[in-house]
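User: Please take a close look at the pockets of this structure. I am new to it, so keep the steps short.

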Amino acid sequence: MSDVTLNSAVRSNLRTLQSTTDLMARTEERLSTGKKVNSALDNPSSFFTAQSLDRRAGDLSNLLDSVASSVQTIEAADNGISAISDLVTQMKSTARSAQQSDSAIAAKASFTSGAITGASSANLLGDGAEVAGTADLSAFTAAAGDAGNLVINGETIAIAAADEGSDVVDKINAKTADTGVTAKLGDDGKLQLSAKAGETIDVGSGSTAATLTALGLTSGTTNSESGLTGKTLEVTVGDGSKATITFGNGDGEVSSLEELNKALADSNAKASLTSDGKLTIETTNAYGSADLAIGGTAVSTDGTAAAGEVFDLASSASTTAEAVLDDDGKSTRQDYVNDYNDLKSQIAELAKDASYNGVNLLNGDDLSVTFNEDGSSKLEIGGVDIMDVLSLDDIDIENFLDSSKIEKVVGKLNDALNSLDSLSSRLGSQLSVVETRESFTKDMIGTLEDGSYALTGADTNEEAANLATLQTRQSLITSSLSISTSQEQNVLQLIQ
């Protein structure tokens with residue numbers, strides 16, 4: 001069959017109509033897809049670049065789900081920490097309530113010495129030694145036969161003939177000042193020798209007999225002190241460090257009850273002196289249930305060389321007593337112990353429930369958060385065993401018997417709260433990083449999609465205007481085509 005022959009006008013209008021139809025089809029496709037580049041044929045460079053941008057945006061979108069899940073996992077752990085902190089605070093409140101409840105101690109451990117002669121609260125060492133001569137020296141003048149040596153505390157004083165009583169006093173004081181012995185004439189004119197607490201007066205046997213007689217003295221040692229001078233007392237409460245106290249008037253030594261209590265304070269013990277001179281030492285209230293250990297130098301009870309050893313636990317001169325528990329107070333505090341342990345057990349149960357999507361950062365699980373499509377950017381979040389972090393153990397009645405032990409429990413609870421705060425701070429910082437990266441990823445996806453659209457997106461307003469124009473053009477071409485074929489129509493009419 002031969003081709004149809006079209007005149008030039010019809011052929012021109014037909015080509016224009018075909019072109020317009022193609023343009024209309026392309027414009028309609030752009031309007032329907034919103035893209036001006038729908039295939040590589042439209043614009044290879046823009047098409048493949050946009051495809052790469054869209055692919056990366058899709059990968060990041062998939063990662064966003066994982067990042068969002070990680071945020072929830074961290075928040076679940078942080079919620080768990082907050083709730084556990086409340087439980088630890090309740091445990092602390094329970095310990096404080098136990099501390100303020102009726103005491104579980106009916107009597108504290110104590111030690112009571114034998115009676116110590118000469119000791120007083122103001123001066124445990126005693127009032128010192130005194131020696132009084134029997135001769136009136138107010139008008140005394142040594143005769144030739146009275147001249148000789150007077151030995152006091154190892155110091156030799158030469159008494160010359162014609163020395164008056166006042167001369168004798170001056171010579172004694174000049175020699176014995178360093179030994180703690182002083183001399184004076186009393187109102188009755190008799191020689192008086194005195195030594196401060198902790199010192200003795202020894203009128204030596206090396207003294208001239210006639211000199212002693214003239215002064216009204218006899219040889220011998222006088223000691224009216226308590227016997228504590230130079231002795232030591234060792235006190236230990238519970239498993240604490242030993243306090244070693246030396247009695248005397250020197251630096252760092254103890255001579256009064258007030259000084260003794262200051263020295264005992266760090267060892268959690270206190271002392272008192274009974275009216276009959278017995279030294280009592282007991283534990284403080286805070287250490288009421290603690291054992292009390294006493295030791296030290298053997299000390300006589302009457303200042304003599306041989307007597308009961310007041311700081312020797314084996315001596316019949318002293319007595320010891322262990323702490324006595326009060327049944328009602330003990331029962332009350334046992335209830336607090338039970339409450340404390342119940343709260344602690346709830347911590348472990350609560351920690352088990354602080355998981356999200358199968359990951360529990362408080363139960364030892366780790367979390368890896370990936371931020372980019374090739375996995376080169378990520379954050380590793382290490383989980384912990386919350387019970388190891390807290391380091392809290394079950395307690396028994398021994399932990400709540402007295403204030404000192406309760407304070408140790410409270411100290412551990414404070415350490416646990418500090419550890420929780422530190423853990424919460426670390427998770428908070430990591431959560432901030434994850435949320436920042438989540439926001440960044442969302443923005444990056446928007447940037448990639450905008451870039452892709454800039455390469456392939458169609459201006460719908462422009463395309464709509466193009467379509468309207470093309471439709472008008474199509475109508476015009478159709479009309480023109482009709483006119484171009486009018487000659488053939490005239491021929492047809494002639495034939496008819």
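Analyst:

**The two largest pockets**

The second largest pocket is lined by Gln99, Ser101, Ser103, Ile105, Lys108, Asn285, Gly288, Arg333, Leu401, Asp402 and Ser403. This is a predicted model. The volume of the second largest pocket is about 150 Å³. Its lining holds two nonpolar, six polar and three charged residues. Ile105 and Leu401 are in that lining, and both Ile and Leu count as nonpolar. Lys108, Arg333 and Asp402 line the pocket too; Lys, Arg and Asp count as charged.

Now turn to the largest pocket. It encloses about 240 Å³ of space. The lining is made up of 15 residues, and Val237, Gly238, Asp239, Tyr287 and Lys408 are the closest to the pocket's centre. By class, three of the lining residues are nonpolar, seven are polar and five are charged. Which helix gives the most to this lining? Helix 8, which spans residues 403-456, does so with three residues.

One more spot is worth a look: Ser256. This residue sits in the loop between strand 11 (243-246) and helix 5 (257-265). Is Ser256 buried or exposed? Its relative accessible area is 10%. Buried means under 20%, so Ser256 counts as buried. Leaving aside residues up to four places away in sequence, Ser256 touches Ser121, Ala122 and Leu124.

Key:
Residues are numbered from 1 along each chain as its sequence is written. This is a predicted model: local features need pLDDT of at least 70, side-chain atom pairs count only at pLDDT 80 or more; totals for chains, interfaces and linings use all residues. Side-chain values use heavy atoms; hydrogens and water are left out. On a 1 Å grid over the protein atoms alone, a cavity is a set of points where a 1.4 Å probe fits but cannot get out, and a pocket is an open set with protein on both sides within 12 Å along at least five of seven lines; lining residues have an atom within 4 Å of a point. Grid points are joined across faces, edges and corners, and a volume is the space filled by probe spheres set on the points. Helices (H or I, at least four residues) and strands (E, at least two) are DSSP runs, numbered from the N terminus. Buried means under 20% relative accessible area, exposed over 50%, partly exposed in between (1.4 Å probe, protein chains only). Contact means heavy atoms within 4.5 Å.
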